[in-house]
Amino acid sequence: MTKLSVNINKIATLRNSRGGDVPNLVQVAKDVQRFGGQGITVHPRPDERHIRYQDVFDLKPVVSTEFNIEGNPVQKFMDLVLKVKPEQVTLVPDAEEAITSNAGWDTIKHREYLKEIISELKSNGIRTSIFVDPDPEMVKGAVETGTDRIELYTEEYARQFAKGNKDGVKPYKLCAETAIDLGLGINAGHDLSLSNVEYFQKNVPGLLEVSIGHALIAESLYQGMEYVINQYLSLLRS
């Protein structure tokens, strides 16, 4: 079964829009896990416009499933994750001004840099994943960095699926097959939703984990978070 890690960045965005502590991020993380979520994902950015660095410290004691922290490994981020020591760190090459992640790593160009970062994380007992575009060459480059897993950037799949083009999954299937051959674990995320996640999971072999935030939170506004999480779990085990 593919695990579901719930990205709670949007909860932090809602909280920050009004100030104060409503909704309470720690309580939401507890509830996500109580509803069946198998992991909590956060993506702190340097400007702390959604997840704050303090949030990460506050969440650590209550995450009893898997804590996945995403981000660009600038020094501030590295200092944070080496203190918190989550189960997984997902390296994402997002620019400070980016609204959301919009590209994967060039694992060939940045191989030595990623290799150094990943070595430090793994020496601290942290599983690593690299955010990559659906390009087999980037997957091949990833294995040279020493990473444990890749996270396939699924925005293009979601865009094609919405247009009715189910062949949009083919590059992801090829990348997954390449990753399996190289001994890499496979995660995926970005714009996955209740409407497209089942087809993706059924057609991408070896999928260990999906990280879903924006769609899941939006769907929960209409249907309730407990119901939505259980719908995802049902689709991912089918």
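## A tour from the barrel strands to an aromatic cluster

Select Leu4 first: Leu4 stands opposite Val210 in β8. Keep in mind throughout that this is a predicted model.

**Stop 1: the β1–β8 seam**

Show strands β1 and β8 together. They pair in the parallel sense, over 4 bridges. Strand β1 covers residues 3–7, and β8 covers 207–212. Now colour β8 by burial. Of its 6 residues, 5 are buried, which leaves the strand mostly covered. Add helix α11, residues 225–236. This helix lies across both β1 and β8, and runs at about 150° to β1.

**Stop 2: the other side of β1**

Bring in strand β2, residues 39–42. It pairs with β1 in the parallel sense, here over 3 bridges. Select Asn7 and look across to β2. The residue opposite is Thr41.

**Stop 3: the other side of β8**

Select strand β7, residues 185–189. β7 is paired with β8 in the parallel sense, over 4 bridges. Pick Gly189 and find Ser211 of β8 standing opposite. Then show helix α9, residues 197–203. Taken with β7 and β8, helix α9 completes a β-α-β unit, and the unit is right-handed.

**Stop 4: the whole barrel**

Zoom out and display every strand from β1 to β8. These 8 strands close into a barrel, in the order β1-β2-β3-β4-β5-β6-β7-β8, with parallel pairing. Neighbouring strands are turned by 25° against each other on average, direction ignored. As background, strands of a sheet pair through backbone hydrogen bonds, either parallel or antiparallel.

**Stop 5: Gln88**

Go to strand β4, residues 88–91, and select Gln88. Is Gln88 buried or exposed? Its relative accessible area is 0%, so Gln88 counts as buried. Show the side chain and that of Glu209. The two side chains make a polar contact at 3.1 Å. Glu209 also belongs to the wider set of residues in contact with Gln88, once neighbours within four places in sequence are left aside. To see the full set, select Glu66, Phe67, Asn68, Ile69, Ile126, Arg127, Ser129, Arg149, Asn187 and Glu209.

**Stop 6: helix α2**

Move to helix α2, residues 25–34. Begin at its N-terminal end, where Asn24 acts as the cap. A side-chain oxygen of Asn24 lies 3.1 Å from the backbone nitrogen of Val26. Follow the helix to its far end. Just after α2 comes Gly36, with a positive phi of about 115°.

Now select the buried residues of α2: Leu25, Val28, Ala29, Asp31, Val32 and Gln33. What do they pack against? Their partners are β1, α1 (9–18), β2, α3 (53–59) and α11. So this stop meets three elements from the first two: β1, β2 and α11.

Centre the view on Ala29. Its relative accessibility is 0%, so Ala29 counts as buried. Not counting residues up to four places away in sequence, Ala29 touches Ile8, Ile40, Leu59 and Val62. Next, draw a C-alpha to C-alpha distance from Ala29 to Val42. It reads 10 Å, with the two positions 13 residues apart in sequence terms.

**Stop 7: the aromatic pairs**

Show every aromatic ring. The structure holds 7 aromatic pairs. Pick Tyr157 and Phe161, whose pair is tilted: 5.7 Å centre to centre, with 45° between the planes. Both sit in helix α7, residues 155–162. They are 4 residues apart, and therefore separated by about one helical turn. Tyr157 is buried, with a relative accessible area of 0%. Phe161 has 18% relative accessibility and also counts as buried, because the cut-off is under 20%.

Keep Tyr157 selected and add Tyr172. This pair is edge-to-face, at 6.2 Å centre to centre and 75° between the planes. Tyr172 lies in helix α8, residues 170–182, while Tyr157 lies in α7, so the pair ties together parts that are 15 residues apart in sequence. Both Tyr157 and Tyr172 are buried.

**Last stop: the cluster**

Which residues form one aromatic cluster? Select Tyr157, Phe161, Tyr172, Tyr199 and Phe200 to see it. Then show helix α9 (residues 197–203) again, back from the β-α-β unit with β7 and β8.

Note on methods
Residues are numbered from 1 along each chain as its sequence is written. This is a predicted model: local features need pLDDT of at least 70, side-chain atom pairs count only at pLDDT 80 or more; totals for chains, interfaces and linings use all residues. Side-chain values use heavy atoms; hydrogens and water are left out. Two strands pair if DSSP finds at least two bridges between them. Axes are lines fitted to C-alpha atoms, for helices over the stretch in contact, and angles run from 0 to 180 degrees between N-to-C directions. Contact means heavy atoms within 4.5 Å. Buried means under 20% relative accessible area, exposed over 50%, partly exposed in between (1.4 Å probe, protein chains only). A crossover is right-handed if, with the strands pointing away from the viewer, the path from the first strand over the helix to the second runs clockwise. A polar contact is a pair of N or O atoms within 3.5 Å; within protein, one must be able to donate a hydrogen and the other to accept it, and residues adjacent in sequence count only if both atoms are side-chain atoms. Rings of Phe, Tyr and Trp (its six-membered ring) pair if their centres lie within 6.5 Å; planes under 30 degrees apart count as stacked, over 60 as edge-to-face and the rest as tilted.
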